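This report looks at the surroundings of a bound ligand and at the pockets of the protein that holds it. Please keep the sequence and the structure in view while reading.

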Amino acid sequence: MAILEILNYPDPRLHTVAKPVKEVDTHIRRLIKDMAETMYAAPGIGLAATQVNQHIQLIVIDTSETKDQLLVLINPKIIARSGSQDYEEGCLSVPGIYESVTRAEKITVQALDANGTQFTLDADGLLSVCIQHEMDHLLGKVFVEYLSPLKRNRIKTKMVKLQRDR
Ligand code: K1U
Ligand code: ZN
């Protein structure tokens, strides 16, 4: 397995729209393992392929306390949503920044698992927030884009300085 490099905001590659996965083959299963290892090592509770510069519709998530409940979503689609919730979100591509974002409270998502088998999942709370956050990554959207232009520009300037001074 391997730890992959995570792109940092405002890297323009984070705005790439991901393509559907055509076949869940050995290459995809290898990437799932590497993304899971990268997410656990960060540490984080989710990671989208976009963040490791792979522009395909693949997400890994583990919101469990024990970090042993890996959820793999390939070609995810939200088929129902209801309610609204505010949550203080973070992002491995925007390290050190936590801001409140409003999203749907409950969602139903349809996706393929690591075996290429379709499944349907009802999610609420943190899992719902995390799935929506990661699906935004696949659309080329970073959570700071929900913030005011003033806040977003302050974060952008901070990130550019951090990367310059590294
Ligand atoms: O997409 C990402 O960059 C991962 C992100 C997922 C996320 C967190 C919170 C709300 C929405 C989406 C993270 O994992 S940020 C790090 C984080 O939340 C965390 C890190 C260690 C322990 C617990 C949480
Ligand atoms: Zn993120």
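Sorted by class, the shell around ligand 1 is made up of five nonpolar, six polar and two charged residues. This description rests on a predicted model, and the values that follow are to be read in that light. The shell counts 13 residues, and those that come nearest to ligand 1 are Ile-45, Gly-46, Gln-51, Leu-92 and Glu-134. Helix H2, which spans residues 125–138, provides the largest share of this shell, namely four residues.

Three side chains place a polar atom close enough to an oxygen atom of ligand 1 to be listed as contacts, with the cut-off for such a pair of N or O atoms being 3.5 Å. Their distances are given below.

| Side chain | Distance to an oxygen atom of ligand 1 |
|---|---|
| His-133 | 3.1 Å |
| Glu-134 | 2.7 Å |
| His-137 | 3.4 Å |

Taken on its own, ligand 1 has 530 Å² of accessible area, of which the protein covers 81%.

Which space does ligand 1 take up? Ligand 1 occupies the largest pocket, whose volume is about 350 Å³. The lining of the largest pocket consists of 22 residues, and Ile-45, Gly-90, Cys-91, Leu-92 and Tyr-98 are the ones that lie nearest its centre. Ile-45 and Leu-92 thus appear both among the residues that come nearest to ligand 1 and among those nearest the centre of the largest pocket. Strand E4 (85–89) and helix H2 each contribute at least two residues to the lining of the largest pocket, and H2 gives the most, with six residues. By class, this lining holds 12 nonpolar, seven polar and three charged residues.

The second largest pocket has a volume of about 230 Å³. Its lining comprises 14 residues, and the closest to its centre are Pro-76, Ile-78, Met-135, Asp-136 and Leu-139. Two elements, strand E3 (71–82) and helix H2, give two or more residues to the lining of the second largest pocket. In terms of class, eight nonpolar, two polar and four charged residues make up the lining of the second largest pocket.

Helix H2 therefore recurs through the whole account, in a sense that uses element assignments from DSSP runs: H2 supplies residues to the shell around ligand 1, to the lining of the largest pocket and to the lining of the second largest pocket.

Definitions and conventions: Residues numbered from 1 in each chain as written. Chains lettered and ligands numbered in written order. Predicted model: local features only at pLDDT ≥ 70, side-chain atom pairs only at ≥ 80, totals over all residues. Heavy atoms only, no water. 1 Å grid on protein atoms, 1.4 Å probe; cavity = no way out; pocket = protein on both sides within 12 Å on 5 of 7 lines; lining within 4 Å. Points joined across faces, edges and corners; volume = space filled by probe spheres on them. Nonpolar A, V, L, I, M, F, W, Y, C, P; charged D, E, K, R; others polar. Near = heavy atom within 4 Å. Polar contact = N/O pair within 3.5 Å; in protein donor to acceptor, adjacent residues only side chain to side chain. Areas by Shrake-Rupley, 256 points an atom, 1.4 Å probe, with all protein chains shown as cover. Sits in = over half its atoms within 2 Å of the grid points.
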